[in-house]
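Visitor: Before we begin, could you put the model on the screen, so that I can ask how each label is justified?
Guide: Here it is, and each answer will set a value against its cut-off.

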Amino acid sequence: MANFYELPVYKKAIDLATTLTRSTNKTDKDIRFTRVTGMKNRVMDIAKTIAFANGEPETPEVRMEYIDKCLDALHDIEIDVRVLKDANLITKSGFNAIAAAEGRLGRQLIGWKNATAKKMSNTQE
């Protein structure tokens, strides 16, 4: 597997995990150990999927599937964070920090997806 630790998209996933941990560390225990833990697990799954997408795929199509899985998981996290905010279970500043980290990761994933799509169209010509 190629070195993925220095990939900007991987770093953004780890940044989201760190921000999520810092912004939710004062929520109620029952919320922290259910919803928040689930979100953290999904972020770590995104990081693992990025590593696989960087090293494993033999074709751009397979890489695209990995990237789509990451985007789907990120969307789920965005919904959960919004629910926590609307239920006043995290602070507005915590929500803003998490939303900014989600946005940075999302832009990186979209950029990677667009670059992969471009490779796919170049190989088909």
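Visitor: Which residue follows α3, and what is the sign of its phi?
Guide: Asn88 follows α3, and its phi is positive, near 55 degrees. Please keep in mind throughout that this is a predicted model.

Visitor: What elements make up the secondary structure of the chain?
Guide: The chain has 4 helices and 0 strands, so that, read from the N terminus, the order of elements is α-α-α-α. Taken along the principal axes, the C-alpha atoms fill a box of roughly 55 × 25 × 20 Å.

Visitor: How do you know that the end C-alpha atoms of helix α3 are as far apart as its residues should span?
Guide: Helix α3 covers residues 60-86, which is 27 residues, and at 1.5 Å a residue these should span 39 Å. The expected span takes 1.5 Å times one less than the number of residues, and because the end C-alpha atoms of α3 are indeed 39 Å apart, the two values agree.

Visitor: Which residues of α3 are buried?
Guide: The buried residues of α3 include Arg63, Met64, Ile67, Cys70, Leu71, Leu74 and Ile77, and Asp80, Val81 and Leu84 are also among them. As a general point, an α-helix has 3.6 residues a turn, so residues three or four places apart point the same way.

Visitor: Why is Asp80 called buried?
Guide: The cut-off for buried is under 20% relative accessible area, and Asp80, with a relative accessible area of 13%, therefore counts as buried.

Visitor: What makes Arg35 and Asp80 a salt bridge?
Guide: The limit is a side-chain nitrogen of Lys or Arg within 4 Å of a carboxyl oxygen of Asp or Glu, and the closest N and O atoms of Arg35 and Asp80 are 3.0 Å apart, which satisfies it. Arg35 lies in helix α2 and Asp80 in helix α3, so the pair ties together parts that are 45 residues apart in sequence. Arg35 itself has a relative accessible area of 36% and is therefore partly exposed. Together with Arg42, Arg35 and Asp80 are linked in a network of salt bridges.

Visitor: How many salt bridges does a search of the whole structure find?
Guide: The search finds 8 salt bridges. One of them joins Glu6 and Lys11, whose closest N and O atoms are 3.2 Å apart; Glu6 is called exposed because its relative accessible area is 55%, where exposed means over 50%, whereas Lys11, at 43%, is partly exposed.

Visitor: What makes the side chains of Asp86 and Lys85 a salt bridge?
Guide: Their N to O distance is 3.9 Å, and because the limit is 4 Å, the pair is counted. Asp86, with a relative accessible area of 47%, is partly exposed, and Lys85, with 26%, is partly exposed as well.

Visitor: Which residues have the most contacts inside the largest nonpolar core?
Guide: In this core of 31 residues, the ones with the most contacts are Ile46, Ile50, Val81, Leu105 and Leu109. The elements that give two or more residues to this core are α1, α2, α3 and α4 (92-124), and the largest share, 9 residues, comes from α2. Ile46, for its part, touches Ala13, Cys70, Ala73, Leu74, Ile77 and Leu105, when residues up to four places away in sequence are not counted.

Visitor: Why does Leu16 count as buried?
Guide: Leu16 is at 0% relative accessibility, and because buried means under 20%, the label follows. This residue lies in helix α1, and beyond its neighbours within four places in sequence, Leu16 is in contact with Val43, Leu74, Ile98, Ala101, Glu102 and Leu105. The C-alpha atoms of Leu16 and Val43 are separated by 7.3 Å, although the two residues are 27 residues apart along the chain.

Visitor: Where does Thr27 lie, and why does Thr27 count as buried?
Guide: Thr27 lies in the loop between α1 and α2, and at 7% relative accessibility Thr27 counts as buried. Its side chain reaches the backbone oxygen of Thr24 at 2.9 Å, and Thr24, which lies in helix α1, is itself buried at 0% relative accessibility. Setting aside residues up to four places away in sequence, Thr27 touches Arg32, Val36, Leu89 and Ile90. The C-alpha atoms of Thr27 and Ile90 are separated by 6.5 Å, with their positions 63 residues apart along the chain.

Technical notes:
Residues are numbered from 1 along each chain as its sequence is written. This is a predicted model: local features need pLDDT of at least 70, side-chain atom pairs count only at pLDDT 80 or more; totals for chains, interfaces and linings use all residues. Side-chain values use heavy atoms; hydrogens and water are left out. Buried means under 20% relative accessible area, exposed over 50%, partly exposed in between (1.4 Å probe, protein chains only). Contact means heavy atoms within 4.5 Å. A polar contact is a pair of N or O atoms within 3.5 Å; within protein, one must be able to donate a hydrogen and the other to accept it, and residues adjacent in sequence count only if both atoms are side-chain atoms. A nonpolar core is a set of buried Ala, Val, Leu, Ile, Met, Phe, Trp, Tyr and Cys residues joined through side-chain atoms within 4.5 Å.
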